Amino acid sequence: MVAVGGLVGHTFAADKPSVAAPAAKALAMPGAPSAMTEAAAKAGVLSCAGRIDQVSKFLGAGNEISFLFMMPPPPRDQRLVTSAMEIDNKSVPSAYASADFAATAQGCGASYQTVTYWPLSCQDVVTRYFSTVRQAPALGRSIATLDGGGSTRIFLMPAGAAGCVTIKKELL
């Protein structure tokens with residue numbers, strides 16, 4: 001683990017499948033905590049440990065992840081904590097991901113987004129990887145939107161002559 005001026009980072013290979021666990025207090029979560037969860041707890045972020053574990057295991061399922069936390073000044077457990085990740089996926093292009101966590105009266109609020117460049121047209125990306133996701137109104141002039149259900153959206157932005165950038169955003 002690396003810690004520099006409020007930044008905590010680490011690289012690890014995910015060893016557990018994704019989980020769908022509710023927010024947990026401290027480190028009371030199913031199975032061993034992820035390396036990302038352990039790094040956050042060591043930095044003093046305990047009230048969101050369960051949610052950090054849920055998100056890191058979901059995004060890291062079967063992938064190698066490098067991550068970095070941007071830590072606020074103490075008391076860290078009562079402030080917004082953000083992270084940046086690189087997800088090295090074997091079956092699709094690598095992705096950048098970010099996740100934000102904030103303690104609330106109801107537990108821990110969180111959101112994450114993944115950003116992936118595809119060397120395909122956006123229409124080909126939809127056909128091959130998001131064919132079961134419902135189209136939604138465009139965000140603006142050039143960014144298409146897919147409705148992933150609930151509070152999940154996927155944005156598709158043309159990139160270069162034949163590429164596409166997808167941004168998947170989910171509010172938890």
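**View 1. How do α1 and α2 pass each other, in a right-handed or a left-handed crossing?**
In this predicted model, α1 passes α2 in a right-handed crossing. Two packed helices are described by the angle between their axes and the distance between the axes. For α1 and α2, the axes come within 8 Å and cross at roughly 155 degrees. Angles over 145 degrees count as roughly antiparallel, and α1 and α2 are therefore roughly antiparallel to each other.

**View 2. Here is the whole protein chain, to help you get your bearings.**
Take a step back and you'll find three helices and ten strands in the protein chain. Starting at the N terminus, the elements go β-β-α-α-β-β-β-β-α-β-β-β-β. The chain has 172 residues, and 39% of them are buried.

**View 3. Now for helix α1 and what comes after it.**
Helix α1 covers residues 35-42, and its buried residues are M36, T37, A39, A40 and A41. Let's pick out A39, which sits in this helix. Its relative accessible area is just 3%, and a residue counts as buried under 20%, so A39 is buried. Look across to L68 as well: A39 and L68 are 29 residues apart in sequence, and their C-alpha atoms are 9.5 Å apart in space. After α1 comes G44, which has a positive phi, near 100 degrees.

**View 4. This one zooms in on a pair of prolines.**
P74 and P75 are joined by a cis peptide bond, with omega at about 5 degrees. As for where to look, P75 is in the loop between β3 (64-70) and β4 (81-88).

**View 5. Next up is the largest pocket.**
The largest pocket has a volume of about 480 Å³. It is lined by 21 residues, and the closest to its centre are N89, V92, T114, T116 and K168. Which elements give two or more residues to this lining? They are α2 (49-60), β6 (107-118) and β10 (163-171). Sorted by class, the lining has 13 nonpolar residues, seven polar and one charged.

**View 6. Strand β6 gets a closer look, with two of its residues picked out.**
One of them is G109, placed in strand β6. G109 has 24% relative accessibility and counts as partly exposed. Along the sequence, G109 and L172 are 63 residues apart, while in space they are 6.4 Å apart, C-alpha to C-alpha. The other is V115, which also lies in strand β6. With a relative accessible area of 26%, V115 is partly exposed. V115 can be paired with V165: the two are 50 residues apart in sequence and 6.8 Å apart in space, again C-alpha to C-alpha.

**View 7. The last stop is a loop with a leucine to find.**
L139 is in the loop between β7 (134-136) and β8 (144-147). Is L139 buried or exposed? Its relative accessible area is 57%, and exposed means over 50%, so L139 is exposed. If you follow the chain on to L156, you've gone 17 residues from L139, and the C-alpha atoms of L139 and L156 are separated by 9.5 Å.

Key. Residues are numbered from 1 along each chain as its sequence is written. This is a predicted model: local features need pLDDT of at least 70, side-chain atom pairs count only at pLDDT 80 or more; totals for chains, interfaces and linings use all residues. Side-chain values use heavy atoms; hydrogens and water are left out. On a 1 Å grid over the protein atoms alone, a cavity is a set of points where a 1.4 Å probe fits but cannot get out, and a pocket is an open set with protein on both sides within 12 Å along at least five of seven lines; lining residues have an atom within 4 Å of a point. Grid points are joined across faces, edges and corners, and a volume is the space filled by probe spheres set on the points. Helices (H or I, at least four residues) and strands (E, at least two) are DSSP runs, numbered from the N terminus. Ala, Val, Leu, Ile, Met, Phe, Trp, Tyr, Cys and Pro count as nonpolar, Asp, Glu, Lys and Arg as charged, and the others, Gly among them, as polar. Buried means under 20% relative accessible area, exposed over 50%, partly exposed in between (1.4 Å probe, protein chains only). Axes are lines fitted to C-alpha atoms, for helices over the stretch in contact, and angles run from 0 to 180 degrees between N-to-C directions. Angles under 35 degrees count as roughly parallel, over 145 as roughly antiparallel, 65 to 115 as roughly perpendicular and the rest as oblique. A crossing is left-handed if the near helix is turned anticlockwise from the far one by less than a right angle, and right-handed if clockwise.
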